[in-house]
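Welcome to a short walk through one protein chain. Please keep the sequence and the 3D view open while you read.

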Amino acid sequence: MMLHLHNLLPRSPPSSSSSGNSLFLIGHHHHHVNNWKSSCQLEETIRFSHNNHKKRLRPSRIRSSLPSIDQLTNARVIYSVAPSMGHNQEAHPESHFRVPAIVNALEEMKLTSKFRGSEVIELQHFEPASTDDIASVHARAYVSGLEKVMDQALEKGLIVIDGSGPTYATSTTFQESIVAAGAGLALVDSVVAASKINKDSPTGFALIRPPGHHAIPQGPMGFCIFGNVAIAARHAQRVHGLKRVFIIDFDVHHGNGTNDAFYDDPDVFFLSFHQDGSYPGTGKFDEVGTGDGLGTTLNLPLPGGSGDTTIRTVFDEVIVPCAQRFKPDIILVSAGYDGHVLDPLANLQLTTGTYYMLASSIKQLAKDLCGGRCVFFLEGGYNLTSLSYSVADTFRALLGDKSLASEFDNPNILYEEPTQKVKQAIQRIKCIHSL
């Protein structure tokens with residue numbers, strides 16, 4: 001039995017990053033689904049934000065249960081957790097063990113509020129994203145179509161919703177995906193609130209799944225259901241009036257969904273560096289935006305084997321000048337840890353130390369340019385050990401602690417970086433973007 005979701009979707013010209021129509025394929029695969037219910041049903045606070053384009057007031061939500069002003073004053077890291085335990089397919093790399101592995105590492109390495117007191121806040125109660133939040137990026141037909149097939153998923157166990165990923169859904173996927181997106185929105189709210197009382201706002205980190213950066217406006221793709229970062233960018237603009245959003249995507253794969261969502265938007269700068277030739281094959285040098293958005297998309301494909309030295313150079317010579325020129329009001333980060341040398345899905349050779357350096361440099365950039373307003377969103381990372389160590393070292397960087405990467409990284413497994421190819425790639429991107 002096959003459900004043709006694409007009949008519900010708006011007709012749009014095929015984009016190079018779209019894997020064609022999204023099919024909701026019902027498989028007779030009986031799959032155990034955990035009943036994981038969101039404890040997030042708190043009453044919503046309605047705030048009216050002025051929409052300049054339409055010259056009318058419309059309700060927008062500030063999510064309930066933000067930390068108090070006192071808590072925000074002392075915090076250095078605010079994080080939220082949405083593990084989506086019911087969204088799981090056996091032996092799939094994007095498994096429900098990913099977020100718990102990170103949370104366990106944070107506990108073991110004494111990086112939670114239990115050990116760090118007021119420096120670290122975990123947002124315990126946050127609302128799921130609303131349909132309007134999701135529809136600020138995705139076609140409403142996709143959102144309602146996904147919600148409708150949940151009953152069939154309950155009956156059949158598992159649905160393949162995008163064959164190229166392969167991206168799947170279980171009966172809890174819709175609910176858990178809106179909770180994951182909501183976790184990111186609540187962090188944006190908290191970080192913005194903190195920035196009003198503190199020149200150096202704490203950094204947010206959404207420990208969430210399913211990931212989001214491949215989900216295109218028309219549907220799911222590449223393990224991703226909803227574009228968490230893209231939805232947060234629209235929320236920052238609509239609810240908080242933060243007009244200019246700078247998105248850094250350091251996942252090993254190109255964030256084609258985020259790329260597509262803002263391709264013609266001059267107010268969102270999307271910058272991705274990723275492994276050349278990796279899934280989904282998009283993110284070429286010449287993808288630079290279109291129309292009013294010409295120049296506010298930067299894609300830097302890096303040769304396989306690129307490592308720490310490459311990324312430091314990319315940060316200093318590409319990311320910093322781009323951000324300085326764009327002058328963002330907030331920085332959002334698609335934090336994928338699948339570029340790690342131990343990750344099975346690609347072959348860059350980033351180390352735990354590379355992620356520490358990136359986090360610490362991005363935090364400083366946000367401090368210099370936009371009052372410290374910065375939120376990280378978990379994307380890829382499929383070796384549970386390197387993923388959890390790298391996220392823990394990211395937390396250390398954000399807390400201002402020294403890195404413990406040397407206890408985990410083994411320099412003996414690294415090989416020489418393709419310096420010449422890297423140099424050419426960086427020269428080429430600097431030339432295209434006049435950096």
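How many salt bridges does the structure hold? The structure has 16 salt bridges, a salt bridge being a side-chain nitrogen of Lys or Arg within 4 Å of a carboxyl oxygen of Asp or Glu. Before we look at some of them, please note that this is a predicted model, in which local features need pLDDT of at least 70 and side-chain atom pairs count only at pLDDT 80 or more, while totals for chains, interfaces and linings use all residues. Residues are numbered from 1 along each chain as its sequence is written, and side-chain values use heavy atoms, with hydrogens and water left out.

**The chain as a whole**

There are 13 helices and 14 strands in the chain; helices (H or I, at least four residues) and strands (E, at least two) are DSSP runs, numbered from the N terminus. Of its 435 residues, 61% count as buried, where buried means under 20% relative accessible area, exposed over 50%, and partly exposed in between (1.4 Å probe, protein chains only). The accessible surface comes to about 17,100 Å², and 51% of that belongs to carbon and sulfur atoms; such areas come from the Shrake-Rupley method with a 1.4 Å probe, and for residues only the protein chains shown count as cover. Contact here means heavy atoms within 4.5 Å. Among contacts between residues at least 6 apart in sequence, 78% join residues at least 24 apart.

**Charged and polar pairs**

Here are three of the salt bridges, with their N to O distances.

| Acidic partner | Basic partner | Closest N and O atoms |
|---|---|---|
| E119 | R116 | 2.9 Å |
| D401 | R116 | 2.5 Å |
| D267 | R244 | 3.8 Å |

Let us start with R116, which pairs with D401 in a salt bridge. R116 lies in helix α3 (residues 113-116) and D401 in the loop between α12 (384-399) and α13, so this pair ties together parts that are 285 residues apart in sequence. Both R116 and D401 are buried; R116 counts as buried because its relative accessibility is 19%.

The other pair in the table, D267 and R244, forms a salt bridge too. It links distant parts of the chain, 23 residues apart: D267 sits in the loop between α9 (256-261) and β11, and R244 in the loop between α8 (228-240) and β10. D267 is buried, at 18% relative accessible area, whereas R244 is partly exposed at 27%. Shared partners also join salt bridges into one network that holds R76, R116, E119 and D401.

A polar contact (a pair of N or O atoms within 3.5 Å; within protein, one must be able to donate a hydrogen and the other to accept it, and residues adjacent in sequence count only if both atoms are side-chain atoms) brings in D133. Its side chain makes such a contact with the side chain of R238, at 2.8 Å. D133 belongs to helix α4 (residues 131-135) and is buried, at 4% relative accessibility.

**Helix α10**

Which helix residues are covered, and by what? Helix α10 (residues 308-326) has 19 residues and reaches 25 Å from its first C-alpha to its last, close to the 27 Å expected at 1.5 Å a residue; the expected span is 1.5 Å times one less than the number of residues. The helix bends by about 35° at F315, the bend being the angle between axes fitted to the seven residues ending there and the seven starting there. Its buried residues include I311, V314, F315 and V318. Among the elements covering the buried residues of α10 are β11 (268-275), β12 (297-302) and α11 (352-370).

**Unusual backbone spots**

Most residues other than glycine have a negative phi, and most peptide bonds are trans. K327, which follows α10, has a positive phi near 55° and is exposed, at 56% relative accessibility. F223 also has a positive phi, near 75°, but F223 is buried at 12%. The peptide bond from R209 to P210 is cis, with omega near 0°, and P210 lies in the loop between β9 (203-208) and α8. The bond from Y279 to P280 is cis as well, with P280 in the loop between β11 and β12.
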